[in-house]
Amino acid sequence: MPLLWQRGGFLFPLLLLLSELWSKTETDNVTLKAENSTDETSPTGTPPSETSLPGTSPSGTSPSKTSPSKTPHMQTKESADCPCDLHPGFCDINCCCDSHCGSECNLGAPGCPFSFCLPGSTRAVSRVCLEKSLIFRNNTPFHTEILPGPDGCILLFCVQLNDSTLNYLQVPQMVTKVNFPILSAQYGKSSFNLPEQVWSSSSAFYQVGDPIQIYYAASSTLSVLKQPVGIGTSQICTDENPAGFLESKTTSCIRIFTDLIRSCTSDPALDAASYYRNFSILQVPVNFSDFQLFKVHIIPRSEPAAPGLNGNTCHNVVSEVNYEMEFNGNHGIQKVYVQFKLTNISGNAGVTLQQSFSLHFGSRRSSLTKRRSGNPGYITGAPLRALYNGIQQHVTILQNQANGQCSATERFTVQFGENVRMGCQFRIPFTPEERSCSDLQELFYQAFEGGLSTGHLAIIGSADPGHPEQWTRVFTQRCKLQDGHCMIPIFLKIQVIWANVGLLSNPQAQVLGARYYYLCQPLKGVQYSTQS
């Protein structure tokens, strides 16, 4: 007789533990934050320090005893030491160390489309330090500083190196009376530009705030894309406001119609077609060139209906216009999409319509490109990455629904650095005579793990499947027969141990190890032999 095994008597929870291995100073004891102790040997060590003496390690052990093979390569050829470069092969907005955004993309550099750099995308300061008492004479050509030691009891003599391989870290520059004239000459500019200066562009690519050029092929006319705004206290629309490159924003304004019957089909502000037809966006600024090579057509998300008059009601008039633009560094605008929201208005003289206009910029990304979870170290809250049979996936767990049942289609994505506990119920029909214990257990394992067998976890957020040293094997402890009873998994605990490595000024989160640990319960009333 078929037996229906229901998880109704048990709540099948899943516990995820993200444990951080950390140490505050060279003399601190290593602390492992975890709910339950395990039989695994905890790795030992301390975070690297720029103040270590040559020939020794902070823990006092010989450097030769340290196995370099256990530390994955934190850099790749394409995106070495650039934490904001999260999309391989494409430019990330305001990520000044992303090589795909332009060479030497720093604030004020002529080859950069950005107006500011994200924190973590400028070079860090590298120092080699020794105890000051060991230094008798300073003849180094590099900049030197006297700094307090970690314990505050000794002074350190530090030499600042000009190292091009440093990690990135933004250090705000102090503005003083001495350096203000220099900074003003380098970054200062007029508070406003004359209209003729706004329209012209001598740059080979768009920079932040540049007007976006458009081209009317029928009349061979060059113009700029407009984003209407409201002026004055009445917020009446003006259509002369140019849209700025990389300036994502939303504006709104009010239009007043004295003769709606005539304006319904003749006013281009009411017709969705006027916002994308008969003109093209220019990929980069063009001055008297072949416009055909740089045209980007605007693609509507859905074909909008044309305005129509029915009595004193005007149908299908534009109330919202949303532009989405994809760009790729100084290669310019790649794609443009537009979406409309239409409404109906009616009335006689003096009828009003409120319109909103939004412009959003995003980096051009390939649909096949997996977003990194950090570069190189993990970012807290980013998906925990895994490798299943050579395919990159995110680690997921069961997702509960409002009724307490497990979702059959959706799963919860595990996020690095964030603990989570979840439980739900589901039904598994089976016939004891037709299914062995291992078959039944496999059904549960697939439910817990999402149909993907446990593989490897990415040690760093930018791990490459082509570099095996950047992935760590997941240890799994599953259920076994006990006294002839089939042991069913009812609880999965995922434990992840991680630590901060790298420079003290710019530590990077790295996974040290992980395991899947199943808690099991005997299936009462059904006997299985150890041979099954």
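A disulfide is counted here when two cysteine sulfur atoms lie within 2.5 Å of each other. In this predicted model, Cys-129 and Cys-158 meet that cut-off, with their sulfur atoms 2.1 Å apart.

## The chain as a whole

The chain contains 4 helices and 29 strands. It has 532 residues, of which 39% count as buried. The accessible surface of the chain is about 29400 Å², and carbon and sulfur atoms account for 52% of that area. Taking contacts between residues at least 6 apart in sequence, 64% of them join residues at least 24 apart.

## Disulfides

The structure holds 7 disulfides. A disulfide is a covalent bond between the sulfur atoms of two cysteines. The table lists three of the pairs, including the one named above.

| Pair | Sulfur to sulfur | Citation |
|---|---|---|
| Cys-84 and Cys-95 | 2.1 Å | disulfide |
| Cys-129 and Cys-158 | 2.1 Å | disulfide |
| Cys-264 and Cys-314 | 2.0 Å | disulfide |

The link of Cys-84 and Cys-95 is right-handed, with 85° about the S-S bond. Both cysteines are placed in the loop between strand 3 (31–32) and strand 4 (126–131), 11 residues apart. Cys-84 has a relative accessible area of 13% and is therefore buried, since buried means under 20%. Cys-95 is also buried, at 0%.

For Cys-129 and Cys-158, the torsion about the S-S bond is about 110°, so this disulfide is right-handed. Cys-129 belongs to strand 4 and Cys-158 to strand 6 (residues 155–161), and the two cysteines are 29 residues apart. Both Cys-129 and Cys-158 are buried.

The disulfide of Cys-264 and Cys-314 is right-handed because its torsion about the S-S bond is about 85°. This pair connects helix 3 (residues 260–266), which holds Cys-264, with strand 16 (residues 313–327), which holds Cys-314; the separation is 50 residues. Both Cys-264 and Cys-314 are buried.

Another cysteine, Cys-153, has a relative accessibility of 67% and so counts as exposed, the cut-off for exposed being over 50%.

## A four-stranded sheet and the loops beside it

An open sheet of 4 strands has the order 20-19-25-26, and its pairing is antiparallel. Strand 20 (391–394) and strand 26 are the edge strands; each has a single partner strand, so one side of each has no neighbour in the sheet. From one strand to the next, the twist averages 35°. Strands of a sheet pair through backbone hydrogen bonds, either parallel or antiparallel. Within this sheet, strand 19 (residues 385–388) and strand 25 run antiparallel and are joined by 2 bridges. Leu-387 has His-456 of strand 25 as its bridge partner.

Ser-462 sits in the loop between strand 25 (456–458) and strand 26 (471–473). Is Ser-462 buried or exposed? Its relative accessible area is 6%, so Ser-462 is buried. Beyond its neighbours within four places in sequence, Ser-462 is in contact with Arg-372, Gly-374, Asn-375, Pro-376, Arg-385 and Gln-470.

Two of these contact residues, Asn-375 and Pro-376, are joined by a cis peptide bond, with omega near 0°. Pro-376 is in the loop between strand 18 (351–363) and strand 19.

## Helix 4

Helix 4 (residues 437–449) has 13 residues. From its first C-alpha to its last it reaches 18 Å, close to the 18 Å expected at 1.5 Å a residue. The buried residues of helix 4 are Cys-437, Leu-440, Gln-441, Phe-444, Tyr-445, Ala-447, Phe-448 and Glu-449. An α-helix has 3.6 residues a turn, so residues three or four places apart point the same way. Gly-450, just after helix 4, takes a positive phi of about 75°.

## Positive phi outside glycine

Ser-220 has phi near 55°, a positive value in a residue other than glycine. Ser-220 is located in the loop between strand 7 (213–216) and strand 8 (221–224). With a relative accessibility of 52%, Ser-220 counts as exposed.

Asn-316 is not a glycine either, and has a positive phi of about 60°. Asn-316 lies in strand 16, the strand that also holds Cys-314. The relative accessibility of Asn-316 is 26%, so Asn-316 counts as partly exposed.

Notes
Residues numbered from 1 in each chain as written. Predicted model: local features only at pLDDT ≥ 70, side-chain atom pairs only at ≥ 80, totals over all residues. Heavy atoms only, no water. Buried < 20%, exposed > 50% of the residue type's maximum accessible area, 1.4 Å probe, protein only. Contact = heavy atoms within 4.5 Å. Pairing = 2+ DSSP bridges. Axes fitted to C-alpha atoms, helices over the stretch in contact; angles between N-to-C directions. Areas by Shrake-Rupley, 256 points an atom, 1.4 Å probe, with all protein chains shown as cover. Expected span 1.5 Å × (residues − 1).
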